[in-house]
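Colleague: Could you walk me through the packing in this one? I'd like the rings, the sheet and the cores.

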Amino acid sequence: MKILIIGESCKDIFHYGDCNRLCPDAPVPVFKLVNTQENWGMAKNVERNLHSLGASITVVTNDKCERIRKIRYMDNRTNHMFLRVDENDQDYGVLERDRIESIDYSLYDAVVVSDYNKGFLTPELLQRISELHPVTFIDTKRVLGEWANNFSFIKLNSKEYELTEHTVTKDISRKLIVTRGPAGSEYHGKTFQVPTVEVKDTSGAGDTFIAGLCYRFVKTNDIFEAIEYANGCATKVVQRRGVSVV
């Protein structure tokens, strides 16, 4: 199985530490670093998950992705996040159309677009990508519009759906998969439930879901089975700390 992933990437960094007292100078906890976990995030986290499932991956992403860092300071005992610091958001850049047009799409079983709406992908480029392969998935943070009409499946979480619900046409609604955390996911009016588990961290769970969804759909050509499978993948990773893979 060969999958093409297009989208922004970053480095996810988790600093875990103990907080046993308050700072005498300000009402904030004193953070004592215990350990650090670092991994690729965003589109390259989708890659990590699909690779773990056994797919062969090509990623088209921003050239300076190692400079873009999402740094989280976490309580080592409770996994509570004290602070997130984002670095170098100005370095995402813009994907050139020639780079997209030069790809041989016939080599791939599906295309996954991981669109974090950071400026790397434009609506015009997204529309073009959706026209270049018959099986296209998109996980997007932006308000939906005509540019999304040709994608095979569109994945949003519940908050993202609330922001774009007013723009959802009948054509788009038929392709829309909405994830709702512990309430499962919805597609074509059907709710796909998930088991009740102890959630330790939801970071990267959406990347895992879209990876599992694409992988299983390519295997079975059954979107209902693929959603059930993706639910299971996401349920596994939220029970672990940090950004993990299925």
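What follows is a short run of questions and answers on that packing.

Modeller: First, this is a predicted model, where local features need pLDDT of at least 70, side-chain atom pairs count only at pLDDT 80 or more, and totals for chains, interfaces and linings use all residues. Residues are numbered from 1 along each chain as its sequence is written, and side-chain values use heavy atoms, with hydrogens and water left out.

Colleague: What kind of pair do Phe 31 and Phe 82 make?

Modeller: Rings of Phe, Tyr and Trp (its six-membered ring) pair if their centres lie within 6.5 Å; planes under 30 degrees apart are stacked, over 60 edge-to-face, the rest tilted. Eleven aromatic pairs turn up in the structure. For Phe 31 and Phe 82 the centres are 6.5 Å apart and the planes sit at 80 degrees, so the pair is edge-to-face.

Colleague: How many residues apart in sequence are the parts that this pair ties together?

Modeller: Helices (H or I, at least four residues) and strands (E, at least two) are DSSP runs, numbered from the N terminus. Phe 31 is in the loop between β2 (9–18) and β3 (32–42), while Phe 82 is in strand β6 (residues 81–87), so the parts tied together are 51 residues apart.

Colleague: What is the strand order in the open sheet of four strands?

Modeller: Two strands pair if DSSP finds at least two bridges between them. β2 and β3 pair in the antiparallel sense over ten bridges, and Tyr 16 stands opposite Asn 35 in β3. The pairing in the sheet is mixed, and the order is β3-β2-β5-β6.

Colleague: Which strands are the edge strands?

Modeller: Look for strands that pair on one side only. Those are β3 and β6.

Colleague: Which element gives the most to the largest nonpolar core?

Modeller: A nonpolar core is a set of buried (under 20% relative accessible area, 1.4 Å probe, protein chains only) Ala, Val, Leu, Ile, Met, Phe, Trp, Tyr and Cys residues joined through side-chain atoms within 4.5 Å. The largest has 33 residues, with Leu 50 and Ile 3 among those with the most contacts inside it. Elements giving two or more residues include β1 (2–7), α1 and α7 (223–237). With eight residues, the top contributor is α6.

Colleague: How many residues are in the other core?

Modeller: That core lies apart from the largest one. Leu 4, Val 111, Ile 154 and Leu 176 are among its members, and its residue count is 26.

Terms used
Buried means under 20% relative accessible area, exposed over 50%, partly exposed in between (1.4 Å probe, protein chains only).
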